[in-house]
Every structure is written in structure tokens, then in C-alpha cells.
Amino acid sequence: MSVDDERDRLIDRIGETQRDLGRLLAQHHPPSPLFDSNLTLRQLKVVMILSSQDSASGQDLSHHLGVGLGTVTGIVDRLVGHGLVTRREDPDDRRIRRVELTPAGHALTERIADAGLDGFRRLLGLLDTPTLRDLSAVLGKIQVAAATLHPTAPSPKKVG
């Protein structure tokens, strides 16, 4: 077996394990705020896109979602109605309207992230200290590799 074959097999195994862990963690109680939300999948996508950047134009959102500008307008209108986003003029070009999360929108994304983290922390609590030390080192390496894939993304908090 070649080194490349072994790497491919390991990558497949890690991917399957990650998927299985995601399924297990999604079953924890209380349920994730994702399941309590009345948002459509597209509305949730807009909220999650905005959580990773300060604001976005309608064109940006249209590109990310793969839908027309008219569809984006309707999605944003409903999110404004839910109190999760707001619109404002772009300071550099008054023809462009920027969409950004409101404090309620930020709170929703934090609740979603925290719910996943709570389940993961409970799982990690079952591991011994040497394993946690090894996992922390591996996650640090994964974080560095991810930064090379997405060099313009904001720097996440340092692991470890």
C-alpha cells in the first residue's frame, strides 16, 4: 500500500468519524437552538454568513446563496421582521445597502455555537488528560492548516 493510499484511507476514516460524532452530538438535550428557530434554511444561512463578517451587501448574499437579488431581498425582509438583521447604507457607496446582524442576531448565533460547544465539552470531559493534550496539539495543527486554506478569514482564538 502506498503512502498516498494510506493517507486517503485515513482522511476517509477521519471524515466518517467526524460525521458520526456530529450526529451523536446533534441528539443531545436540550436541543440545539437550530431546532427551536422558526427560520428557513436560507434565512439561517444568511444569519450564519453575517456571523462570520461584519456586514454583507445584497449582491454578496446573492452570490453566497446562489439565488437572485429579489430572493435575497425577501429573505432579508423576513429576517428584519424577526429582528435578527438590519439594513444600512454603505458608507463608501450610498447606492449599496449593507445587511448586518442585530444584537438579537448575534445572540442567536452565539446560542447555536454554545449549544454545540456544550455537548463537545461534555464529550471531552470523558477523556483523560494525556489524550486531551494530544488532541489540543492536533487541533492546533488543523487550525494552522485551515488558515492556509482561508488566509483572508479572521483569526480564530488560539487552541491550546
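**Figure 1. Helix α4 and its buried residues in a predicted model.** Helix α4 covers residues 58-65. Four of its residues are buried: Gly58, Leu61, Ser62 and Leu65. Look down the axis of α4: these buried residues fall within an arc of 105°, so they line one face of the helix. The geometry of helices helps here. An α-helix has 3.6 residues a turn, so residues three or four places apart point the same way. What lies on the other side of α4, buried or exposed residues? Gln59 and His63 sit there, and they are exposed.

**Figure 2. The packing partners of α4.** Which elements do the buried residues of α4 pack against? Two are helices: α3 (41-51) and α5 (69-81). Two are strands: β1 (56-57) and β3 (97-101). Then comes the end of the helix. Gly66 follows α4. The phi of Gly66 is positive, near 70°.

**Figure 3. Gln43, a buried residue of helix α3.** Gln43 lies in helix α3. Is Gln43 buried or exposed? Its relative accessibility is 3%, and the cut-off for buried is under 20%, so Gln43 counts as buried. Now look at its neighbours. Leaving aside residues up to four places away in sequence, Gln43 touches Asn38, Ile75, Arg78, Leu79 and His82.

**Figure 4. Asp118 in helix α6, with Leu25.** Helix α6 runs over residues 103-124, and Asp118 is part of it. How does Asp118 count in terms of accessibility? Its relative accessibility is 43%, which lies between the 20% and 50% cut-offs, so Asp118 counts as partly exposed. Leu25 is the other residue to find in this view. Along the chain, Asp118 and Leu25 are 93 residues apart. In space, their C-alpha atoms are separated by 9.5 Å.

**Figure 5. The protein chain behind the close-ups.** How many helices and strands does the chain have? There are 7 helices and 3 strands. Along the sequence they follow the pattern α-α-α-β-α-α-β-β-α-α. The radius of gyration is 19 Å, well over the 15 Å that the globule rule gives for 160 residues, so the chain is more spread out than a compact globule. Its C-alpha atoms fill a box of roughly 55 × 40 × 25 Å, taken along the principal axes. Of the 160 residues, 24% count as buried. Take the contacts between residues at least 6 apart in sequence: 46% of them join residues at least 24 apart.

**Figure 6. Surface and charge of the protein chain.** The accessible surface comes to about 11,700 Å². Carbon and sulfur atoms account for 56% of this surface. The chain carries 21 positive and 21 negative side chains. The centres of these two sets lie 3 Å apart.

Note on methods. Residues numbered from 1 in each chain as written. Predicted model: local features only at pLDDT ≥ 70, side-chain atom pairs only at ≥ 80, totals over all residues. Heavy atoms only, no water. Rg over C-alpha atoms; globule rule 2.2 N^0.38 Å. Buried < 20%, exposed > 50% of the residue type's maximum accessible area, 1.4 Å probe, protein only. Contact = heavy atoms within 4.5 Å. Areas by Shrake-Rupley, 256 points an atom, 1.4 Å probe, with all protein chains shown as cover. Lys, Arg positive; Asp, Glu negative; His and termini not counted. Charge placed at Lys NZ, Arg CZ, Asp CG, Glu CD. Arc of directions from axis to C-beta.
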